[in-house]
Every structure is written in C-alpha cells, then in structure tokens.
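This briefing looks at the open and enclosed spaces of one protein model, and then at the chain that surrounds them. Please keep the sequence and the coordinates at hand while reading.

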Amino acid sequence: MILNRNGRDELRKTIAYQLNIVPDGQKVHINQELLNELLFETIVYNKETKGFFKLPVWSGSFLKKIDLSDVCFDQVSWLLLSESGKATAEQAFKDMDFDEDAYRVYTEIVKKIESNEQLKPYYVDYSNTNARIDFSKSFTEWFLEDEYFISGVNFYGVDLSYLDISFFYAIEDSNLGNTGIKVASLDERESCQELIRVSLENIDLSPFTLDAHSIVNHETLFNECNLAGTKLNITYHPDDFPLNSEERILLAHMIKKGYFNGCYINGKIIHSLEERKKIATEKEEEYHKLKENIITEVKNDILEQVILTRAKKQS
C-alpha cells in the first residue's frame, strides 16, 4: 500500500462515515489487502529477533457492516491495547524485549485508542461482526508462555461457539455476551484462571451451581461478572451476609445492575426490571379484566332477577 499512517487514518474515517448509508444487516466487501492494513498496525518489537505483533487499531460498531470472514487474525494481540497491556509492554521494554523505537510507536497508538470516546468502555470493538478468529494463532505476550489473555475487547455477538473458555489464561474487562462460547467447567484447574469484569450475557451456565457468598467474595471463576441470562443456579443463605456488610452491599449492587437476571436463586428465577414491569402490567390487566367480569356478572344477575320478578307479576 502506498498510503502512510496519516493517509490510512483519513481512509478509515471516510469508510466509517460512508458505512452510515449501509442498511443494518448488510455487509460490504473491501479489498482484503487494504482491509488488513486498515484493521491492524504491525509492530516489529525486536529487530534482533524479528519478533512482531499486530494491534487491532481500527474497530468500532461500524465493523459489523464490513465482511470480516476472510480476515487473518494471526499474531494479533487482544491484550496490549488495554490497561493491563500497557503494564505488560512496559515491563517487556524494561526487560529489553521491546526496542525503544517500537515502544515509542506502540505508546503513541495506545494514547490514540484511549482518546477514542466511541470505543469506551472497551479498547477494541468487534461486536456483532462475522470475524472468524483462530485464537491459537494470536500473539502470545511475553510473560504468558503460550497462554492467551484477552483484555478490553468487545466480542458481543461474535460466533465463538467453537471455543471453550478454558482456552484462555485470563479474560478481563471484556464482553463475551451472545458469543455461544462453551464453559465446560468452573474448576480453575480445568478452566480459565480468572474472569474479571466480563459480560457473559446469555452464555449457558445452567449445569452449574454456585453459592452467592463465594461469588461476591471472588472465590469462584467469576469476579464482578455480568451473568445475566446464563441460567446459573445460585444458592443464597441470608445468614452469610451480615447486615450492612461489604458482601451484602456488593450483592445488592450486582442484583441492581442486573448481573443475575435470568439466573436462579434458590430455585427462583430473577427477572429483569423490564420483565418485572411487564409481569406487573399483565397482572394489573388481568385484575381489571377479572374485576370487570365480576361487575358484569353481578349486573346481569340483578337484571335477570328484576326481569324474572316482573314476568311473574305480569302472569
């Protein structure tokens, strides 16, 4: 490609704006070579070893209108654009795994991503795209030794049904809702080491039962995760939550945020606010209908008695 970095940025803005005229549900095709150069910035972090990684610098909700099914995601880092990623890169720079010039370019890219208000609260947004990602070919960060870490990425609605969550070392500040990702076990020895502030909305957790106290005390795989729609079975023992305790406050906060909507607590499903309003409306409508039926029946009964009495008098 003959475009420099500024030229690529200009083209990215033009395409994102032009995609506004594309109807929802339609995906446009862009030349694959061009698309790859727009989606990623490649950084050779060590000239001596020729080690490199790719940063997913161009993302946002608009990507759902571009066909990404043939995009190659080899050597893409799903960590380094996040807060944890910055700390990882900084340590690699101190350990001399990261060349000075490459580190400068990297930090410039991170600052640019951080200033993009449209991406927040995430750093990378592939939500509702048709991306097909072989995570086994992703970039493995220096400290992980062939294990994979996702941080700050929105994969909501991306098809990950071919994958079990145990593939990853850890996931934080990310969205895996409606991805269909499998969860075969909640045992940290057999699964992901930890999930921190991850949305798992509508991921099937129905085979599992966890204690509410262990959830809020981070004694499970889930640390402040959104479990809405997962059908997770939760046991709740009020005596485990002393009045005004930090645990009780956190549990109330998670319930208020809707993190347990669609889960079962002591066998009873937790409805969302919208569902509760709908149920209340339906009950109110049912009551008014019942009331009107009773009133109509009483009125008709009285009328029938009056007509019958008159008929008897006339006879």
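In this predicted model, the second largest cavity has a volume of about 30 Å³, and a search of the whole structure returns two cavities of 30 Å³ or more. The larger spaces are open: the largest pocket has a volume of about 640 Å³, and the second largest pocket has about 210 Å³.

**Cavities**

- The lining of the second largest cavity is made up of Pro56, Ser77, Trp78, Leu79, Leu80, Leu81, Ser82, Tyr123, Val124, Ser151, Gly152 and Val153, which by class are eight nonpolar residues and four polar ones, with no charged residue.
- The largest cavity, with a volume of about 50 Å³, has a lining that includes Val76, Phe135, Phe139, Glu141, Phe167 and Phe168.
- Strand E4 (residues 148-151) contributes the most to the lining of the largest cavity, namely three residues.
- Sorted by class, the lining of the largest cavity holds nine nonpolar, two polar and one charged residues.
- Ser77 and Trp78 appear in the lining of the largest cavity and also in that of the second largest cavity.

**Pockets**

- The largest pocket has 21 lining residues, and Arg12, Val57, Trp58, Ser59 and Asn116 are the ones that lie nearest its centre.
- Helix H1 (5-18) and helix H4 (100-114) each provide at least two residues of that lining, and the largest share, five residues, is the part that comes from H1.
- In the lining of the largest pocket, eight residues are charged, seven are nonpolar and six are polar.
- Around the second largest pocket there are 14 lining residues, with Arg197, Val198, Glu224, Asn226 and Tyr259 nearest the centre, and the classes of this lining come to seven nonpolar, four polar and three charged.

**The chain as a whole**

- Seven helices and 12 strands are assigned in the chain.
- The radius of gyration is 28 Å, whereas a compact globule of 315 residues would have one near 20 Å, and the C-alpha trace spans about 115 × 55 × 35 Å along its principal axes.
- Of the 315 residues, 43% count as buried, while the accessible surface comes to about 18,300 Å², with 50% of that surface belonging to carbon and sulfur atoms.
- Among contacts between residues at least 6 apart in sequence, 64% join residues that are at least 24 apart.

Technical notes:
Residues are numbered from 1 along each chain as its sequence is written. This is a predicted model: local features need pLDDT of at least 70, side-chain atom pairs count only at pLDDT 80 or more; totals for chains, interfaces and linings use all residues. Side-chain values use heavy atoms; hydrogens and water are left out. On a 1 Å grid over the protein atoms alone, a cavity is a set of points where a 1.4 Å probe fits but cannot get out, and a pocket is an open set with protein on both sides within 12 Å along at least five of seven lines; lining residues have an atom within 4 Å of a point. Grid points are joined across faces, edges and corners, and a volume is the space filled by probe spheres set on the points. Helices (H or I, at least four residues) and strands (E, at least two) are DSSP runs, numbered from the N terminus. Ala, Val, Leu, Ile, Met, Phe, Trp, Tyr, Cys and Pro count as nonpolar, Asp, Glu, Lys and Arg as charged, and the others, Gly among them, as polar. The radius of gyration is taken over C-alpha atoms; the globule rule is 2.2 Å times the number of residues to the power 0.38. Buried means under 20% relative accessible area, exposed over 50%, partly exposed in between (1.4 Å probe, protein chains only). Contact means heavy atoms within 4.5 Å. Accessible areas come from the Shrake-Rupley method with a 1.4 Å probe; for residues, only the protein chains shown count as cover.
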